[in-house]
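Here is a short, friendly tour to read alongside the coordinates. Have your viewer ready, and let's take a look together.

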Amino acid sequence: MNCDTFLACMHPYVDGELGVSDTVAADTHAAECPRCRSVTARERAFRQLLRSQPRETAPPELRRRIVTRIRRSSRAAALRPWLALPAAAAVAALLAVTLLPLTERPARGVVAELVDKHIAFAQLERPAEFVSADRRAVGAWFLERAGLSVSVPDYSPAGIRLVGARIADVRGRRAAYILYEKGRTLLSVFVAPASGEGDLVGARVTYRGQVYVTRVQKGYRTVAWTEGGVVFGLVSMLDDEALLECADRLRDERARQTRL
Amino acid sequence: MIGWRPGRDRSREFEEVALVHLDALYRSALRLTRNRAEAEDVVQDTCLRAFRSFHRFNPGTNCRAWLFTILRNTFLNRVRGAGRELYEGDAGSAWDALVERASDRAGGGATPEEQFLETALHGDVDRALRALPLAFREPIVLVDLEGLSYREAAEVLGCPVGTVMSRLSRGRRLLRRALGDFAREHGYVGEPE
Ligand SMILES: [Zn+2]
């Protein structure tokens, strides 16, 4: 090591951030070179000055305020467990939103078909045809590819990541399909044509003032509702509460877009 | 298949794991904002945001670095939201020139500036630090004042370790020079030859 190479790594050397062999080389050079040794000594003194700055503490009032807010929001989160999913729950979600125009009466419930689609897509090597975590980009892609205006809700606060989208074929009609994931497990949500009252079969549930139809099919839970000539359906391995929260957010998102 | 910790346990765990770093967060917020009221706001926002995403924090990892990351994002969002200038002089050639001059001086023997540094008052360091552009202030606050490693600081700043290293050394030179200028202004030392 010469003076140039020593000075080039002097800061990490002083900070103890050099690897063992570089530290030995720097030690050796400093021992031999009075100039570099004095530069190093001054750098250490300067760092000491910085480190010896008075260490202020947070005002007690600030601490008290934060603790109060956290305990309060913690109680609220306990009422809305969806927001408090632990990272340990290795649940991946594949969220598929299918948007279909009104069409002829189906041979069987639309939710059953969407569950099948979900299972099929989940087995594809690339479930998403268009891969993007950008909600706006996904919405633009649907508009451009299929002329579909689709609300892409944000589930990231619950750790559900937007994966991408696909144009699905449901009952011979083009449909929008949005994919999300959480960990490795998959979850599907569907929106389908409101072809008739018989579309949605299952238990009626009211969540935050909105009515949903829930059922379990082939081991997947579904939450569905109709709105504006479209059936929205969510299919997943998540529990009902999580699905209902997703559904609520999708409705929120659509309401917000309608207002704009 | 999904469980969650009861609310009360979550907040208690957060208080034990995260809020022990409150003083460090507050100090750093002070250095970033240069304003007490704003520092308090930033720290409060940081803690609430951290608590909301606490379920995503991996207990085995570095909580302090995680909190500093949130603190920094909170601060930067506020600055952007207010339309204030960010990273003033980060890429500025004026600062580069200043760094060059500062590094020119770093070479020789102990100058009056350096002697002054030995006895510099804390308020002076504070003032010099406040005047430092954010890009250089950040690594100094994290590494020199809060004792983070380069790797932790890189994590917080979202940049490579090499960038932390270069900003840190440039920042320290700028700071030394600013302290030297201050010393001359106040007659602690004479004009440089
Ligand atoms: Zn040397």
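Which residue follows H2(B), and what is the sign of its phi? The residue is B:Arg34, and its phi is positive, near 60°. Please keep in mind throughout that this is a predicted model.

## Chain B at a glance

Chain B is built from 10 helices and 0 strands. Reading along its sequence gives the pattern α-α-α-α-α-α-α-α-α-α. Of the 193 residues in chain B, 52% are buried.

## Helix H2 of chain B

Let's return to the helix that comes before B:Arg34. Helix H2 of chain B covers residues 22–33, and its 12 residues should span 16 Å at 1.5 Å a residue; the C-alpha atoms at its ends are 16 Å apart, so the two values agree. The expected span is 1.5 Å times one less than the number of residues, which is the form to use if you want to repeat the check.

H2(B) is also largely enclosed by the rest of the structure, because 11 of its 12 residues are buried. Among them are the leucines B:Leu22, B:Leu25, B:Leu30 and B:Leu32. The buried set also includes B:Arg27 and B:Arg31, along with B:Tyr26, B:Ser28 and B:Thr33.

## Cavities

How many cavities of 30 Å³ or more are there? The count comes to 3, and the largest cavity has a volume of about 70 Å³.

The lining of the largest cavity is made up of B:Ser28, B:Leu32, B:Phe68, B:Leu71, B:Arg72, B:Glu138, B:Val141, B:Leu142, B:Val156 and B:Leu157. Two or more lining residues come from each of these elements of chain B: H2, helix H4 (63–81), helix H8 (134–145) and helix H9 (150–157). Sorted by class, this lining has 7 nonpolar, 1 polar and 2 charged residues. B:Ser28 and B:Leu32 thus appear twice in this tour: they line the largest cavity and are listed with the buried residues of H2(B).

## The zinc site in chain A

Over in chain A, which atoms coordinate the zinc ion? They are SG of A:Cys3, NE2 of A:His29, SG of A:Cys33 and SG of A:Cys36, at 2.0 to 2.4 Å. Along the chain, these donors follow the spacing C-x25-H-x3-C-x2-C.

The site of the zinc ion is tetrahedral, with angles of 103 to 117° among the 4 donor atoms. For reference, the ideal angle for four tetrahedral donors is 109.5 degrees. Both A:Cys33 and A:Cys36 are buried.

Conventions: Residues numbered from 1 in each chain as written. Chains lettered and ligands numbered in written order. Predicted model: local features only at pLDDT ≥ 70, side-chain atom pairs only at ≥ 80, totals over all residues. Heavy atoms only, no water. Donors = N, O, S within 2.8 Å, 3.2 Å for Na, K, Ca; no water. Tetrahedral: all angles 85-135°; square planar, octahedral: opposite > 155°, others 65-115°. Buried < 20%, exposed > 50% of the residue type's maximum accessible area, 1.4 Å probe, protein only. Helix = DSSP H or I, 4+ residues; strand = E, 2+ residues; numbered from the N terminus. 1 Å grid on protein atoms, 1.4 Å probe; cavity = no way out; pocket = protein on both sides within 12 Å on 5 of 7 lines; lining within 4 Å. Points joined across faces, edges and corners; volume = space filled by probe spheres on them. Nonpolar A, V, L, I, M, F, W, Y, C, P; charged D, E, K, R; others polar.
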